[in-house]
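Reader: I'm new to this structure and a bit lost. Could you pick a part and walk me through it closely, starting from the surface and working out from there?

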Amino acid sequence: MRTDSRWRFDLSGFWRFRPDPKGEGDYSRGFEGEPIYVPASWNEQNPAWDQLGTVGWYLRDFRVEPPQGDMWLVFEGAGYRTRAWLNGEELGEHEGSFTKFRLKCSPRRGWNRLVVRVDNTIAPDSIPPGDGFNDTYFDFFHYGGIHRPVYLEATPSVHAEDLFVTGDADGNLRVEGRSNSEAEVVVELRELGKTWKMGVVDRFVLEQRVTVTPWSPEVPRLYSLEVRVGNDEVYERVGFRTVEVESEGLRLNGRKLFLKGFGRHEDFPTFGRRIPGPALIRDFQMMKEVGANSFRTSHYPYSDEHLDLADEMGFLVILETPLVGLGERHFRDRSFLEKAVNVTREMVVQHRSRPSVIMYSLMNEPDSRTEEARAFASALKDVVRALDSTRPITHASNRFLEDRATEVDDVVSVNMYFGWYTYSGDLEEGTRKAVETVEEVRRKFGKPVLVTEFGADALSGVHWDPPVAWTEEYQAEMIRRYVESLSSLEYVAGLHVWNFADFRTPQGRRGPTRTVLNRKGVVTRDRQPKLAWKVLKDLFSLRGGEVD
Ligand code: GCB
């Protein structure tokens with residue numbers, strides 16, 4: 001639900017920061033600290049903060065003239081655990097780095113002091129889990145801080161809540177929403193000159209058929225749907241599109257769909273877990289240029305800005321939860337399931353009105369070979385279905401035939417590194433194994449298959465003929481062989497190269513297999529193309545990846 005028509009006070013800019021490596025201090029009333037920029041992770045803003053795996057304190061003094069109504073401190077993403085105090089009074093706390101949350105507050109007229117404590121300690125039961133800062137159960141850097149925008153927002157005493165808007169390619173519009181108390185509700189699609197009066201209600205569902213241009217990667221047409229509840233005005237951008245899953249594959253607006261694209265990360269030099277706007281634009285322009293039509297938000301829900309651009313530029317998104325690296329201990333633990341449900345619910349509610357989001361991925365590479373794992377996946381699926389019954393579900397598996405969670409998925413997704421982690425120098429053998437695996441998975445589950453990861457590390461500027469590991473040539477050749485052989489299988493519904501760009505990862509668990517960054521990007525961390533980029537551009541433009 002878009003609320004930028006409400007009164008807002010933006011808190012981006014320079015704050016003060018104080019590391020608290022033992023996590024024992026109480027600075028909730030104030031401290032001196034050093035300058036830090038928000039929004040961005042703390043790690044790369046100062047080498048002294050880079051490995052700070054525990055607590056950091058933020059402080060901001062600001063002057064404000066608050067309007068009438070309830071006031072909220074909104075974080076679009078901060079973590080891992082965030083607690084805030086306004087003028088010494090505790091506002092509340094939130095666990096999880098990748099979803100939006102808000103804390104009720106009462107700023108006074110004039111000067112106020114906001115203090116935020118961010119605890120980035122990682123534990124076996126955090127989401128995602130790990131044994132410590134450098135020993136994560138996942139392969140990306142555990143940045144800490146206030147990564148996404150933060151602001152004060154006022155809600156009028158009567159206001160809209162929980163807006164959920166969908167539209168299909170035939171122009172069937174569905175709008176669902178609530179008001180915190182009974183009020184006059186009006187829904188408007190201004191571009192079409194349509195207004196619907198819902199009466200005086202506290203809950204409403206509108207179903208109408210309208211004449212529209214469907215949303216697609218080629219023509220990502222968005223309409224603005226406004227809802228007025230009393231004096232409150234909120235809106236969503238609707239894209240009218242239909243996604244269908246058939247045994248042979250996916251359809252978008254009735255036409256066969258082949259997903260071409262990438263797994264990505266929110267990772268950027270100095271900014272850490274925040275990709276600044278100009279870099280997002282560059283990424284999306286490059287992805288268009290290479291012929292991609294989609295990406296997965298590996299391995300956590302991305303920022304509103306990131307997904308806004310996907311809506312606007314016509315990218316199809318597999319929206320993934322931060323449930324990466326789960327094992328038996330997680331599947332047996334009821335309280336972990338509760339946390340997982342919570343984070344999944346927050347993700348779905350935040351992004352379910354986006355046309356770009358065509359599928360949810362509920363986990364990445366769980367150790368899901370048991371009945372407990374299947375039950376866990378099934379419980380998560382029920383939660384999603386209750387909030388949004390319109391989108392198919394998957395999870396990215398590296399357990400292939402042994403994966404029990406795949407049984408509950410609508411689409412099978414596999415991550416495959418034959419020819420890289422099983423390096424023998426023989427590229428043909430790796431590709432053959434990949435094709436065999438996809439064929440077996442298809443035979444067993446009878447569902448469309450997405451290859452959500454494949455690739456090889458390449459150090460930009462390292463070349464060798466004939467191709468050997470770590471060279472740009474080896475990566476390019478491996479990607480070429482995978483794309484050529486897998487895209488000819490009819491039930492393969494898409495190919496996502498791992499990864500769009502090199503990204504930071506800890507040196508712990510994976511030790512010597514990483515050179516500061518994971519180098520499987522087809523562009524470098526500062527977004528310069530490797531050899532594989534050119535190869536991919538030819539492949540994506542040639543192959544029946546187009547919506548036909
Ligand atoms: C995977 C993971 C991804 C890693 C990748 C790799 O299967 O899903 O997070 O980064 O492999 O490069 O090893």
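**A close look, starting at a surface patch**

Author: Let's begin with a nonpolar patch on the surface: Tyr423, Trp464 and Val468 form it, and together they have about 310 Å² of accessible area. Keep in mind as you look around that this is a predicted model. Within the patch, Val468 sits in the loop between β27 (449-453) and α7 (472-486). Val468 counts as partly exposed because its relative accessibility is 33%, and partly exposed covers the range between under 20% (buried) and over 50% (exposed).

Follow the chain from that loop into helix α7 and you can find a salt bridge. The side chains of Glu477 and Arg481 meet there, 3.0 Å from N to O. The two are four residues apart in the helix, so about one helical turn separates them. Their surroundings are worth checking too: Glu477 counts as buried because its relative accessibility is 18%, while Arg481, at 25%, counts as partly exposed.

Why do such pairs turn up? Side chains of opposite charge can pair when their charged atoms come close. In this model the count of salt bridges comes to 59. Let me show you a few others.

Take Arg178 and Asp162, whose closest N and O atoms are 2.8 Å apart in a salt bridge. This pair ties together distant parts of the chain, 16 residues apart: Arg178 belongs to strand β14 (residues 172-189) and Asp162 to strand β13 (residues 160-167). Arg178 has a relative accessibility of 26%, so it counts as partly exposed. Asp162 is partly exposed as well, with a relative accessible area of 36%.

Then there is Arg404 with Glu407, another salt bridge, where the closest N and O atoms are 2.6 Å apart. Arg404 comes out as partly exposed because its relative accessibility is 25%. Glu407 has a relative accessible area of 36%, so partly exposed is the label here too.

Salt bridges can also join up into a network. Here one links Arg2, Lys100, Glu236, Arg237, Asp304, Asp308, Asp311, Glu312 and Arg354. If you have the viewer open, try selecting those nine names together.

Now on to the ligand. It has 14 residues around it, and the ones that come nearest are Asp139, His299, Glu365, Tyr421 and Lys520. Sorted by class, the shell holds six charged residues, four polar ones and four nonpolar ones. Some polar contacts are easy to pick out. In the side chain of Glu365, an N or O atom is 2.3 Å from an oxygen atom of the ligand. For Asn518, an N or O atom of the side chain is 2.9 Å from a ligand oxygen. Arg514 has a polar side-chain atom 3.2 Å from an oxygen atom of the ligand. How much of the ligand is covered by the protein? On its own the ligand has 320 Å² of accessible area, and the protein covers 95% of that.

Last stop: the backbone. Most residues other than glycine have a negative phi, and most peptide bonds are trans. With that in mind, here are some places to zoom in on.

The peptide bond from Val38 to Pro39 is cis, its omega being near 5 degrees. You'll find Pro39 in the loop between β3 (34-38) and β4 (55-64). A cis bond also runs from Ile127 to Pro128, with omega near -5 degrees. Pro128 lies in a loop too, the one between β9 (110-119) and β10 (130-132).

As for phi, Thr270 has a positive value, near 70 degrees, though it is a residue other than glycine. Its place is the loop between β21 (259-263) and α1 (277-289). Thr270 counts as partly exposed because its relative accessibility is 44%. Arg527, again a residue other than glycine, has a positive phi near 70 degrees. Arg527 is in the loop between β30 (517-518) and α8 (531-542). Is Arg527 buried or exposed? Its relative accessibility is 2%, so Arg527 counts as buried.

Note on methods. Residues numbered from 1 in each chain as written. Predicted model: local features only at pLDDT ≥ 70, side-chain atom pairs only at ≥ 80, totals over all residues. Heavy atoms only, no water. Patch = residues over 30% accessible without salt bridge, like charges linked within 9 Å, V, L, I, M, F, W, Y side chains within 5 Å. Areas by Shrake-Rupley, 256 points an atom, 1.4 Å probe, with all protein chains shown as cover. Salt bridge = Lys/Arg side-chain N within 4 Å of Asp/Glu carboxyl O. Buried < 20%, exposed > 50% of the residue type's maximum accessible area, 1.4 Å probe, protein only. Near = heavy atom within 4 Å. Polar contact = N/O pair within 3.5 Å; in protein donor to acceptor, adjacent residues only side chain to side chain. Nonpolar A, V, L, I, M, F, W, Y, C, P; charged D, E, K, R; others polar.
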